[in-house]
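Colleague: I would like a close look at a single part of this model, the open sheet and its hairpin, and after that a word on the cavities and on one helix contact. Please take the residues one by one where you can.

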Amino acid sequence: MKNPVIIIGAGLSGLRAATLLKEQGLECRILEARNRIGGRALSSLSPDYPELGKFDLGPTWFWPRYERTITRLVQELHLETFEQHTEGAMLFERYKNQAPERHILPVHSMERSLRFAGGVQSLIDALASKLPPEIFELETRVTAIELNDPDFITVQAELADGHTKQFTASAVILALPPRLIARHIHFVPELPPELKATLINKPTWMAGQAKAIAVYDYPFWREDGLSGFASSWLGPLQEIHDTSPNTGSGALFGFFGMSAKDRHMLGEKLVLEQVMEQLVRLFGPSAKNARTVLYKDWSEDSETAVSEDSIPLQDFPVYGEPPVVGIWENKMVFAGTEASPEHGGHLEGALQSAELAVLKIIAQKTS
């Protein structure tokens, strides 16, 4: 093979595709618009209190009973995991000016899930450590892909300093949210209209969401017999979970019921004020004593979301690999969690799509 496989996107799917290609002796390069690897996998330290640990502002857990691909990979990489804390009562906030209801859930009513010691970033770092550093091109935003002849693809990218750079490829793995591909990458020849419409109509997982994490010295709610799990009709957080590390500090994180449009109108300061008021309503005065509050609004992340992603989802999206026919067939392969038909939206889906993408590349090279 004269030219490498170009992987666009250094999230979980792109990194896994690169390690699988390397195992097969195939050369690749990874182009990433961000200044970091990981994509939507983001484990953050508090800049003021790094000793409290890392907390996931993107995906958080996986389910070993159903998700065998990630379970197997975690074992192969010898990563430390621990079980999500669910012991204790859950809270249900139903009505304004009424105390939250307290419920003891039936045993085994919540499926066992695992989290990573050190956050999902530990999985990202473990995969990256298996790759030579020189294959990474960060702050490299792909703007155009041109198919010159059956064995020669030109990938054009814009660098952080405004300059452009070209790469040659034998095939391209697009490990990006489909809507980013449709909106920001120019193809020569153009993609078929049906394919472009399919890409635009696939909502980006997490792109309309935001996460807030309140970090404490220790998980004080457990002393009150609470699991940290709460559900609310009032908001701004719709669903709250214990996201404490396996040792040390405590933390509560929540998914927002508030729309992206409403969050933007309020602004981060007022949004987080409402978050803290809600945590106090649910968990009592001790919830005021957060050491820090972390916040990530994915709808404002231009490397994740486009304007369509701000529209709240009414149903779980229909995911799966977009069909590639015609001149681009066998030259362009999609990966990423939105390309997975069975586990779209999960880490499992990102990994499975990477495996399928590499199988297609290998089949094309050996045919």
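Modeller: In this predicted model, strands β12 and β13 form a hairpin in which four residues lie between the two strands, and within that turn G162 has a positive phi of about 95 degrees. The two strands of the hairpin run antiparallel and are joined by six bridges, with β12 covering residues 152-159. Two of the facing positions can be named: I153 stands opposite A169 in β13, and A157 has K165 in β13 as its bridge partner.

The hairpin belongs to an open sheet of four strands, whose order is β13-β12-β11-β15 and whose pairing is mixed. At its edges are β13, residues 164-169, and β15, residues 186-188, each of which pairs on one side only. Averaged over the sheet and with direction ignored, neighbouring strands are turned by 20 degrees against each other. On the side of β12 away from the hairpin partner in that order comes β11, and β11, residues 140-149, runs antiparallel to β12 and is joined to it by eight bridges. One of the facing positions here is E146, whose bridge partner in β12 is T154.

Turning to the cavities, the count comes to two of 30 Å³ or more. The largest cavity has a volume of about 40 Å³, and its lining consists of Q84, H85, T86, M110, S227, G228, F229, H241 and D242. Two elements give two or more residues to this lining, namely β17 (226-232) and β18 (237-242), and β17 provides the largest share, with three residues. By class, the lining of the largest cavity divides into two nonpolar, six polar and one charged residue.

The second largest cavity holds about 30 Å³ of space, and the residues that line it are A212, I213, A214, L237, I240, L252, F253, G254, V275 and L279. Here the elements that give two or more residues are β16 (210-216), β18, β19 (250-256) and α7 (268-283), so that β18 is named for the linings of both cavities. The classes of the second lining are nine nonpolar, one polar and no charged residues.

Last comes the helix contact, between α2 (residues 68-76) and α8 (residues 347-366), whose axes come within 8 Å and cross at roughly 85 degrees. The two helices are therefore roughly perpendicular to each other. On the α2 side the residues that meet the other helix are R68, T69, I70, R72 and L73, while on the α8 side they are L347, E348, L351, Q352 and E355. Sorted by class, this contact of α2 with α8 has four nonpolar, two polar and four charged residues.

Note on methods
Residues are numbered from 1 along each chain as its sequence is written. This is a predicted model: local features need pLDDT of at least 70, side-chain atom pairs count only at pLDDT 80 or more; totals for chains, interfaces and linings use all residues. Side-chain values use heavy atoms; hydrogens and water are left out. Axes are lines fitted to C-alpha atoms, for helices over the stretch in contact, and angles run from 0 to 180 degrees between N-to-C directions. Angles under 35 degrees count as roughly parallel, over 145 as roughly antiparallel, 65 to 115 as roughly perpendicular and the rest as oblique. Contact means heavy atoms within 4.5 Å. Ala, Val, Leu, Ile, Met, Phe, Trp, Tyr, Cys and Pro count as nonpolar, Asp, Glu, Lys and Arg as charged, and the others, Gly among them, as polar. Two strands pair if DSSP finds at least two bridges between them. On a 1 Å grid over the protein atoms alone, a cavity is a set of points where a 1.4 Å probe fits but cannot get out, and a pocket is an open set with protein on both sides within 12 Å along at least five of seven lines; lining residues have an atom within 4 Å of a point. Grid points are joined across faces, edges and corners, and a volume is the space filled by probe spheres set on the points.
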